[in-house]
Amino acid sequence: MSASLLFVNARLWSGAPLAADALLVREGRIAAIGEGEALRARAPEARVIDGRGGTLTPGLIDAHLHFTPWARARRQPDLHGCGSRADALDRIAAALASLPAGDAPLVGRGWDERDWEAPPTRAALDALAPTRPVMLHRHDFHTLWVNSAALAAAGVTSATPDPEGGRFEREAAGAFTGLVREHAVAVFAALEEQAAPTLDEALLDEAASALHAEGVTAVHDYQRNHDDWRRMRALASRRRLRVLQMIGPEQLRDRVALGLAAGQGDGWFRTGSLKLFADGTLGSRTAAMLEPYEDDPGRGMALLSAAELHAIVGEAAAAGFSITIHAIGDAAVRHSLDAIAAHRTALAALPLPPRIEHVQLLDPADRDRFILLGVWASMQPQHATTDAPTARLAWGARCANAYPWRALRDAGAGLAFGSDAPVEPPCPRLGLAAAVARLGADGVPFTPAQAVTLDVALTAYTSGAARLAGGLL
């Protein structure tokens, strides 16, 4: 470790503002907090960093991201901010022109068709790339926009059935539209891997450095296979990030052969909980709802039935693993709470608490169940501001209970905040602004009664996220 550091002329914050303006660090740990002149005398050898009146907080924790996809996405075509399909197609054409000759797939991400003049279609991509597979992730990563070459390369034909929990969108006559929903996206995984940047140490370290620049020093990573587990353990061993690493159903099944145990690790890397998906997303109208959408006759998609959730949560608890469940719609949140309630005693004995990810719509009748069952809400403030225009269309008056940070906090539930990168940038300052100001992407306040104070938001990015990791980060 390098020489001691002395931060002076700073506003120190640790859950609340501190009555001090200086902080001394030795061997990478806080050695003292106090007044600048006193600490200068105590550590004359320290390198002095002038905070210039800025706020100094503990290292921030992103409580929900997908590190490997985000690291790769940083080197892939980005369609965020495309206000029209024409704009998106122009970016795709430029990306195609930059590729060497051949039929290697093109993978991009970030599109949102909400305000487009025309829908994303297979035909539009075919006009640009008749022979090269093109696969473009919607910004929520729950819908894929593909061309005919991608469908053919993945072996998808008119006879291919929709998988359980997924759908290939079709026109009235049966032809594919080019949109692929939820679990059906997995059909393209091998093809996508051909185009993905190499997952080497340089790529991962570069991404870790980008997080450092945002003040993020620890993450809860939601990639769920054992290759990701090994990669992230290696990243943590290089002292690049502190990591709580979630696992998937396959790892739970093979835990003995893999040598996995919940909570195993050290101060840099720990094995976390079992990650499950109860539903899809708002933007794709696949979030599972108690009542139909305002702008769609459906109620979304349950990616696991209530019975399946109940069984898998029980299996995880019996194996010593807590659970973390993706649940966006109010029906998915309720079914997740029901499954947790059924195994409450076993889950309460585990080192990590059960948690629900996103909680973008909450029926008021379920609010107090978070406290009664000891369930934490892991939420992403940027989703609220990005999704506000869509939420108003899809949920109408139910938006009063959308992204309910304040309601859960006031009820006493534990909160942890993150980004869900690469869905949103892993940038806590954007998350803090969203949590406190709660302005929609259209500039209109979005149910401001659910906003929280800056102290609450910072706590969710620091000690809240640390406690949700068992105090390990």
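User: Which residue forms a salt bridge with Arg253?

Analyst: Bear in mind that this is a predicted model. Arg253 is exposed, at 55% relative accessible area, while its partner is partly exposed at 31%. The closest N and O atoms of the pair are 3.1 Å apart, and the cut-off for a salt bridge is 4 Å, so the contact counts. The partner is Asp254.

User: How many salt bridges are there by this rule?

Analyst: The rule asks for a side-chain nitrogen of Lys or Arg within 4 Å of a carboxyl oxygen of Asp or Glu. Arg253 with Asp254 is one of the pairs that pass. By this rule the count comes to 34 salt bridges.

User: Is Asp112, which meets Arg114 in a salt bridge, buried or exposed?

Analyst: The side chains of Asp112 and Arg114 come to 3.6 Å, N to O. Arg114 has 30% relative accessibility, so it counts as partly exposed. Asp112 has a relative accessible area of 15%, and under 20% is the cut-off for the other label. That makes Asp112 buried.

User: Which residues are linked with Asp112 and Arg114 in a network of salt bridges?

Analyst: Asp112 and Arg114 already share a salt bridge with each other. They also belong to a network. The others linked in it are Glu113, Asp115, Arg138 and Asp140.

User: How far apart are the closest N and O atoms of Arg170 and Asp162?

Analyst: Arg170 is partly exposed, with a relative accessible area of 29%. Asp162 is partly exposed too, at 36%. The two form a salt bridge, and their closest N and O atoms are apart by 3.2 Å.

User: In what sense do strands E11 and E12 pair?

Analyst: E11 covers residues 166-170 and E12 covers residues 176-182. Phe168 has Val180 in E12 as its bridge partner. Over four bridges, the sense of the pairing is antiparallel.

User: Which residue takes a positive phi in the hairpin of E11 and E12?

Analyst: The hairpin has five residues between the strands. The phi in question is near 105°. The residue that takes it is Gly174.

User: What is the area of the nonpolar surface patch made by Leu18, Ile30 and Ile33?

Analyst: Let's start with Ile30, which is found in strand E4, residues 29-34. Its relative accessible area is 57%, so Ile30 is exposed and clears the patch cut-off of over 30%. Together, Leu18, Ile30 and Ile33 make a nonpolar patch of about 270 Å².

Definitions and conventions:
Residues are numbered from 1 along each chain as its sequence is written. This is a predicted model: local features need pLDDT of at least 70, side-chain atom pairs count only at pLDDT 80 or more; totals for chains, interfaces and linings use all residues. Side-chain values use heavy atoms; hydrogens and water are left out. Buried means under 20% relative accessible area, exposed over 50%, partly exposed in between (1.4 Å probe, protein chains only). Patches are made of residues with over 30% relative accessible area and no salt bridge: like charges are joined within 9 Å, nonpolar side chains (Val, Leu, Ile, Met, Phe, Trp, Tyr) within 5 Å. Accessible areas come from the Shrake-Rupley method with a 1.4 Å probe; for residues, only the protein chains shown count as cover. Helices (H or I, at least four residues) and strands (E, at least two) are DSSP runs, numbered from the N terminus. Two strands pair if DSSP finds at least two bridges between them.
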